[in-house]
Amino acid sequence: MLNSIIQTEITLPVFFICTIASLILGTGTAFVSMFKTKHTQSLAITLAVLPAVVQIIIMLVNGSVGAGIAVAGAFSLVRFRSVPGSAKEISTIFLAMAIGLATGMGYVGLAAVFFVLIAAVILLLTATNFGQQGSLERRLKITIPENLDYDGLFDDLFEKYTKEHVLEMVKTSNMGTLYELQYQITLKDRQIPKDFLDEIRCRNGNLNIVCSKEITRETL
């Protein structure tokens with residue numbers, strides 16, 4: 001079952017079996033990538049057809065060292081011609097390429113078993129929100145005039161409305177006349193209290209305040 005179906009040469013029935021398996025497993029990879037995750041149509045289509053593309057390349061190389069080196073060089077250029085994606089997107093692209101490598105060498109059964117195992121792990125970790133940040137964590141950005149001392153300026157408000165707070169960054173803006181303070185805070189409740197923002201406005205001169213969920217996009 002896990003042995004290669006390609007013997008001495010690639011026949012038409014073997015080619016169709018490998019290609020159909022690549023397309024089915026590629027479509028499955030696309031569904032796994034889309035599960036409870038924001039995605040684009042272009043990524044889904046790419047994941048669906050990528051195993052078949054890699055498969056035909058591997059079949060054409062078929063033991064040729066020179067062709068293999070040329071293919072490796074072509075793949076290395078793809079990284080510099082594309083926009084960096086999230087870590088999960090890149091991992092599913094590698095999964096699709098691994099499936100294509102397996103089917104291109106005739107290991108259809110091995111590719112199917114590998115896909116089932118990896119897909120099950122990804123779906124389980126995604127469904128259980130593995131590694132997800134707490135829903136009460138927020139990124140708070142406060143703009144203050146240069147004449148205010150930001151050290152401890154909002155500590156009593158943080159003590160009243162948040163569980164934790166950390167001043168992560170201070171930067172100047174508007175030619176040094178303003179300071180932008182960036183805090184990582186953990187709220188006591190899911191809703192951002194209006195009184196919290198109103199009291200901050202009273203102290204920062206009604207300048208800009210931004211409180212939002214922190215969105216991290218990991219790239220490789």
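# Rings and cores in a predicted model

Biologist: Let's start with Tyr183: is this residue buried or exposed?

Modeller: Keep in mind that we are looking at a predicted model. A residue counts as buried when its relative accessible area is under 20%. Tyr183 has a relative accessible area of 4%, so Tyr183 is buried.

Biologist: Which strand supplies the largest share of the largest nonpolar core?

Modeller: That core has 15 residues, and Tyr183 is among those that touch the most other members, along with Leu140, Phe154, Ile185 and Phe196. Strand S1 (137–145), helix H6 (155–161), strand S3 (178–187) and helix H7 (194–203) each give at least two residues to the core. The largest share is 4 residues, and they come from S3.

Biologist: How many residues does the other core have?

Modeller: Nonpolar side chains tend to be buried together in soluble globular proteins. Here another core lies apart from the largest one, and its members include Leu95, Phe115, Ala119 and Ile122. The number of residues in this other core is 9.

Biologist: Now the rings: how far apart in sequence are the parts that the pair of Tyr150 and Tyr179 ties together?

Modeller: The whole structure holds 6 aromatic pairs. In one of them, Tyr150 and Tyr179 are tilted, at 6.0 Å centre to centre with 50° between the planes. Because Tyr150 sits in the loop between S1 and H6 while Tyr179 belongs to strand S3, the pair ties together parts whose separation in sequence is 29 residues.

Biologist: Are Tyr150 and Tyr179 buried or exposed?

Modeller: Buried needs a value under 20% and exposed a value over 50%. Tyr150 has a relative accessible area of 29%, and Tyr179 has 24%. Both values fall in between, so the two residues are partly exposed.

Biologist: Why is the pair of Phe158 and Tyr183 tilted?

Modeller: Planes under 30 degrees apart would be stacked and those over 60 edge-to-face, with the rest tilted. The ring centres of Phe158 and Tyr183 are 4.7 Å apart, and the pair is tilted because the planes are at 55°.

Biologist: Which residues form the aromatic cluster with Phe158 and Tyr183?

Modeller: Phe158 is in helix H6 and Tyr183 in strand S3, 25 residues apart. Phe196 is in contact with Phe158 and Tyr161, among other residues. The cluster joins Phe158 and Tyr183 with Phe154, Tyr161 and Phe196.

Biologist: What is the area of the nonpolar surface patch that Leu117 helps to make?

Modeller: Leu117 is in helix H5 (residues 108–127), and its relative accessible area of 54% makes it exposed. Together with Leu2, Leu110 and Val113, Leu117 makes a patch of about 330 Å².

How values were computed:
Residues are numbered from 1 along each chain as its sequence is written. This is a predicted model: local features need pLDDT of at least 70, side-chain atom pairs count only at pLDDT 80 or more; totals for chains, interfaces and linings use all residues. Side-chain values use heavy atoms; hydrogens and water are left out. A nonpolar core is a set of buried Ala, Val, Leu, Ile, Met, Phe, Trp, Tyr and Cys residues joined through side-chain atoms within 4.5 Å. Buried means under 20% relative accessible area, exposed over 50%, partly exposed in between (1.4 Å probe, protein chains only). Contact means heavy atoms within 4.5 Å. Patches are made of residues with over 30% relative accessible area and no salt bridge: like charges are joined within 9 Å, nonpolar side chains (Val, Leu, Ile, Met, Phe, Trp, Tyr) within 5 Å. Accessible areas come from the Shrake-Rupley method with a 1.4 Å probe; for residues, only the protein chains shown count as cover. A salt bridge is a side-chain nitrogen of Lys or Arg within 4 Å of a carboxyl oxygen of Asp or Glu. Rings of Phe, Tyr and Trp (its six-membered ring) pair if their centres lie within 6.5 Å; planes under 30 degrees apart count as stacked, over 60 as edge-to-face and the rest as tilted. Lists of a residue's contacts leave out its neighbours within four places in sequence.
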